[in-house]
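Student: Could you take me closely through one part of this model, the surroundings of its ligands and metal, and then follow the chain outward from there? I would like one connected account, with each term explained as it comes up.

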Amino acid sequence: MTTSSPSLAHTTLLAQLRQICGDAHVLTHETPGVDLATWEQDWRKRVKGRALAVVRPADTAQVAAVVKACAAAQTSIVPQGGNTGLVVGSVPDASGTQIVLSMTRMNAVRAIDKDNLTITVEAGCVLQNLQAAADSAGLLFPLSLGAEGSCTIGGNLGTNAGGTQVVRYGNTRELCLGLEVVTAQGEVWSGLTGLRKDNTGYDLRHLMIGSEGTLGIITAATMKLFPQPAAQLTAWAAVPSMEAAVALLGLAHQRLGPSLTGFEVMGQFALSLVDKHYPQLRVPLWQETPWCVLIENSDSENEAHARSQFESLLEEAMNHGCVTDAVVAESLTQARGLWHIRESITLAQQQEGPNVKHDISIAVSLIPAFVAETDALLAQTFPGVRMVDFGHLGDGNLHYNVQAPEGQDGKAFVLAHEDAVNTVVFDQVSRFKGSISAEHGVGELKAGKLPLYKDPTALAMMRAVKKALDPHNLLNPGRVLSAE
Ligand code: FAD
Ligand code: 2HG
Ligand code: ZN
């Protein structure tokens, strides 16, 4: 570990930051009893940076003052929410000169407008707490993902997170009506509107959403709420092929209409990892079938209606041969158990050891061909690799992860082959006119890949936007856009 003391400029900056946020909220490597690893290491433990300090502002005025002080000292800032991001976007680099701006103290629910179906929250509000606040008002905030117990709405907006309800409610972008943002100059843009119509020029909100902390710091947001469904049922189905899973999705759209709120696919090897590392979860049906599908039906009438709709869907699917076996959860507890299995795949992978993660999207209709061709290419190039293939099939989004062959060390495999595996997969994604990042973002992990796979005119416009809004490259440098 480096023990060099901060330069005079850094010492002056730290003193200013302490004045703005209070001594207790500016943490450095010299702060007794504090291990900065919590903020410096990414969730997948791929990267451990070194921060000059972790700064924890209490309100928007403090964020603005921190940004102004950092701008004057030419010190870059890495905004951070729950630090659950999967693409290395929320941790500092190794230089020891960056400030981590941790937003978790700004976690208040500012207002709920039940008639307007909106909620206004601060950026550091944990997603689960936002869901609970909506629930207490008798309403639904539908964004849902495995990390919801620790990710924040600011991080969800920063990455335009997806999750398991996108098929009905859209990504975080579709759920946001207004933003409050601190610019790279330390100015506050007060855009906390709950309006559903506003055509007064460029939509800056959509520029900020998904910008991964590179264009501004989101301090609060006004999000859409929805009526709660009258009944919610979950089914777990065994399907004989990816073609069958896609056919089942088509049937589910037809028969359930807007009641279809979740449609997830899980490959046999992904489920075997859950079974291996969490046997107490009792994964159903996985041993007899290459794929399982999780379907959620959120009905606006009642449970009996939901159940009869679901039963006729599954019966029809069995007659068509796209489902070979299925269970419908009998209770909310059982349904939660099935979703818990799905959400445990990421943790089971973590237990198994590193793999090469992919978060890709392709037109749903092309997914069976993509998977068949790309599986074959990978097997040819890296004999024995195991596919941890699962994801949000309803959105055409697969987590098409590549695990080392049985008996090989995962870390060594990733070190030796990550780039080559990426090239096979991303070239295929490009051939199928898909995206190399569906919902996790670009971060540092994929910043070097964008020039290879993104339209060059789009990339040039992105660079122009970055230069206009953050000319000194103060906000999260090297993320999304690599150095030119
Ligand atoms: P962080 O990790 O702290 O930051 C993510 C990015 O946003 C960084 O670039 C950061 O600089 C920026 N950022 C953070 N806060 C702000 C702010 N206030 N203003 C501006 N920029 C900011 N993602 C999905 O999309 N779908 C899933 O289903 C999903 N499941 C997951 C399951 C697990 C178990 C884990 C560990 C992760 C999962 N993720 C998923 C990824 C991750 O949870 C999301 O990307 C989430 O949105 C990140 O939120 P966060 O608060 O942790 O952000
Ligand atoms: C999910 O859908 C997350 O569970 C994580 O997006 C995906 O672990 C992954 O690859
Ligand atoms: Zn996902």
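Tutor: What follows begins at the metal, moves to the ligands around it and ends with the aromatic pairs.

This is a predicted model, in which local features need pLDDT of at least 70, side-chain atom pairs count only at pLDDT 80 or more, and totals for chains, interfaces and linings use all residues. Residues are numbered from 1 along each chain as its sequence is written, chains are lettered from A and ligands numbered from 1 in the order in which they are written, and side-chain values use heavy atoms, with hydrogens and water left out.

The zinc ion (ligand 3) is held by His 392 (NE2), His 399 (NE2) and Glu 439 (OE), at 1.9 to 2.1 Å. Donors here are N, O and S atoms within 2.8 Å of the metal (3.2 Å for Na, K and Ca), and since water is not among the atoms, sites may look incomplete. Along the chain, the donors of the zinc ion follow the spacing H-x6-H-x39-E. His 399 belongs to strand S18, whereas Glu 439 sits in the loop between helix H15 (410-431) and helix H16 (450-453), so the pair ties together parts that are 40 residues apart in sequence. Helices (H or I, at least four residues) and strands (E, at least two) are DSSP runs, numbered from the N terminus. His 399 is buried, with a relative accessible area of 5%, and Glu 439, at 9%, also counts as buried; the term means under 20% relative accessible area, with exposed being over 50% and partly exposed in between (1.4 Å probe, protein chains only).

The three zinc donors His 392, His 399 and Glu 439 reappear around ligand 2, whose surrounding residues are Leu 86, Arg 342, Thr 346, Gln 349, Lys 357, Phe 390, His 392, His 399, Asn 401, Glu 439 and His 440. A residue is counted as near a molecule if one of its heavy atoms lies within 4 Å of it, and the rule for a strand is the same. Helix H13 (345-352), strand S17 (386-392) and strand S18 (397-403) each supply at least two residues of this shell. By class, the shell around ligand 2 holds two nonpolar, six polar and three charged residues, where Ala, Val, Leu, Ile, Met, Phe, Trp, Tyr, Cys and Pro count as nonpolar, Asp, Glu, Lys and Arg as charged, and the others, Gly among them, as polar.

Oxygen atoms of ligand 2 take part in several polar contacts, among them one at 2.7 Å with an N or O atom in the side chain of Thr 346, one at 2.6 Å with a polar side-chain atom of Lys 357 and one at 3.0 Å with a polar side-chain atom of His 399. Such a contact is a pair of N or O atoms within 3.5 Å; within protein, one must be able to donate a hydrogen and the other to accept it, and residues adjacent in sequence count only if both atoms are side-chain atoms. Taken alone, ligand 2 exposes 290 Å², of which the protein buries 90%; accessible areas come from the Shrake-Rupley method with a 1.4 Å probe, and for residues only the protein chains shown count as cover.

Ligand 1 is surrounded by 35 residues, the closest being Pro 79, Gly 81, Thr 84, Gly 85 and Thr 152. An N or O atom in the side chain of Thr 84 is 2.7 Å from an oxygen atom of ligand 1, while a polar side-chain atom of Thr 159 lies 3.0 Å from an oxygen atom of that ligand. The protein covers 97% of the 980 Å² of accessible area that ligand 1 has on its own. The largest share of its shell, four residues, comes from H5, and the shell as a whole divides into 11 nonpolar, 22 polar and two charged residues.Returning to the region of H15 and H16, the model has five aromatic pairs, a pair being rings of Phe, Tyr and Trp (its six-membered ring) with centres within 6.5 Å, called stacked if the planes are under 30 degrees apart, edge-to-face if over 60 and tilted otherwise. Phe 370 and Phe 432 pair edge-to-face, 5.6 Å centre to centre with 90° between the planes. Phe 370 lies in helix H14 (residues 367-381) and Phe 432 in the loop between H15 and H16, so this pair ties together parts that are 62 residues apart in sequence. Phe 370 and Phe 432 are buried, and with Tyr 400 they form one aromatic cluster.
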